[in-house]
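Here are a few short exercises to work through with the model in view. Try each task before reading its solution.

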Amino acid sequence: MLNKEKFGSNFKWGTTICAFQNEGWANSDNKGQSIWDDFTSDAKNIKNNDAINNASNFYKDYEKDIRIASSLNLNTFRFSLSWTRIFPNGKGEINPEGVKFYHKVIDCCIENNLEPWITLYHWDLPKKLEELGGWTTRSIINWFSEYANFCSNEYGEKVKHWIVLNEPMSFTGLGYFMGYHAPGKTGISNFLKAAHHTALCNADGARIIRKNVKNAIIGTAFSCSYVKPINKSRLNKKSAQRVEVMLNRFYLEPTLGLGYPTDVMPGLNMINRYFKDGDLERLKFDFDFIGIQYYFRVVTKFSLFPPVLFASEIEPKKRTRNLNTMGLEVYPQGLSKVLQFYNQYDGIKNIIITESGVCYDDHLTNGKIYDIKRLRYHRRMLKEILKCKKKGINITGYFIWTLIDNFEWREGFEPRFGLVHNNFETQKRTIKYSGLWFRKFLRI
Ligand code: GAL
């Protein structure tokens, strides 16, 4: 039986939202443009040519949404700051209206008994900084430090929980290697430069928060997957190890002081070109927790392309019917595998699931949404967590992705992940069955 008490009285129960995906009002109150505002301005980049418009209107509806989160009996609320609301040009001049907005969000969380958790960077780089090279230039370290310094000083009195980056592999891999996400850059050298600077900002940002915020609890959020070779042949097994390097180890190991994982992927040594004296040490930070975000399993086989990786993925639709709306495999039992994998590292003291969710087509029937498949998914994830806790893995929080259906990057509005349905035309919220279940489950 699932029972809230089994998770412990200090367990964090939250939802995660993201500035770009939720706020809307990208041109209001002196906000500057981000690379995602730019990328989505071309409808061809987005599935079904969806225009983001006002996303799910969090900029105006934040009170309503925070009250809904509180009514579900959650105890935390994770949101990201929009860099360009605060620094319209990415650096230099501050925008007081943007600064004020996040004070209002934080105060509203506190009034509603939700502990505010801030993510500093959830992918919406200022466009002005991208024009100067974005993550591929080492100057980003100064720009990011200025941003981290301002935000932690400004909000640190009220906010003690900080997440430096959201899924560095997603925004550098998709944005600077594959060109699939903003800013649409491609190629190994763009990727390696962006990756190294990102990893440095991850640790520097955390150091800045540590310096500025008394009693801060600092983490960073990594994407991860359960990776399996298609069969046990030596070549295929090795292909899975390399994919594991990219999906699960690449950003983690340098923060733990282990350097980049070049053991099974010597080609990655190319990243040394971008090193300066002292970088290996500078990449390290003793995080209070590691956030993990597990959505799907990946099955691999050996392949000559792409070079360095020498692996490709067997498309989920060719091997399973258990798919979400985005065509990714729904495989909650993989969570235990990744938790066990992370638990092998001595440097990880505390794991928090900082995002977890699934998208399905949801249909309103007589004003209600009976999203039983989503509920089953979350319940299964919770059971996997309990299994791991019994084995002694220190997992102290579960953040659902996401509170309200929102704008899913390149996939537009089609994938719905929320515990709460949104009608994007009227911005009307309807709590889904999964949300009502959490409300009951988390009742005091
Ligand atoms: C994560 C990302 C979120 C959200 C989610 C669902 O990788 O951090 O912003 O898009 O995936 O796909």
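**Exercise 1.** In this predicted model, decide whether phenylalanine 20 and tryptophan 409 are buried or exposed, then classify their ring pair.

*Solution.* Start with the surroundings: phenylalanine 20 and tryptophan 409 are both buried. Next, look at the rings, whose centres are 5.5 Å apart and whose planes meet at 10 degrees, so the pair is stacked; planes under 30 degrees apart count as stacked. Finally, place the partners: phenylalanine 20 belongs to helix α1 and tryptophan 409 to the loop between β9 and β10, so the pair ties together parts that are 389 residues apart in sequence.

**Exercise 2.** Classify the ring pair of tryptophan 437 and phenylalanine 438.

*Solution.* The ring centres of tryptophan 437 and phenylalanine 438 lie 5.0 Å apart, with the planes at 85 degrees, so this pair is edge-to-face. Tryptophan 437 and phenylalanine 438 are both buried as well.

**Exercise 3.** Which aromatic cluster holds Phe20, and which pocket has Phe20 among the residues nearest its centre?

*Solution.* First, the cluster: Phe20 and Trp409 form one aromatic cluster with Trp36, Phe39, Trp123, Phe407, Phe413 and Phe424. Then the pocket: Phe20 is one of the residues nearest the centre of the second largest pocket, which is lined by 20 residues. That pocket has a volume of about 270 Å³, and its lining has five nonpolar, 10 polar and five charged residues.

**Exercise 4.** Find the aromatic residue beneath the charged end of arginine 85.

*Solution.* The charged end of arginine 85 sits over the ring of tyrosine 59, 3.8 Å from the ring centre.

Methods. Residues numbered from 1 in each chain as written. Predicted model: local features only at pLDDT ≥ 70, side-chain atom pairs only at ≥ 80, totals over all residues. Heavy atoms only, no water. Phe/Tyr/Trp six-rings, centres within 6.5 Å; stacked < 30°, edge-to-face > 60°. Helix = DSSP H or I, 4+ residues; strand = E, 2+ residues; numbered from the N terminus. Buried < 20%, exposed > 50% of the residue type's maximum accessible area, 1.4 Å probe, protein only. Lys NZ or Arg CZ within 6 Å of the ring centre and 35° of its normal. 1 Å grid on protein atoms, 1.4 Å probe; cavity = no way out; pocket = protein on both sides within 12 Å on 5 of 7 lines; lining within 4 Å. Points joined across faces, edges and corners; volume = space filled by probe spheres on them. Nonpolar A, V, L, I, M, F, W, Y, C, P; charged D, E, K, R; others polar.
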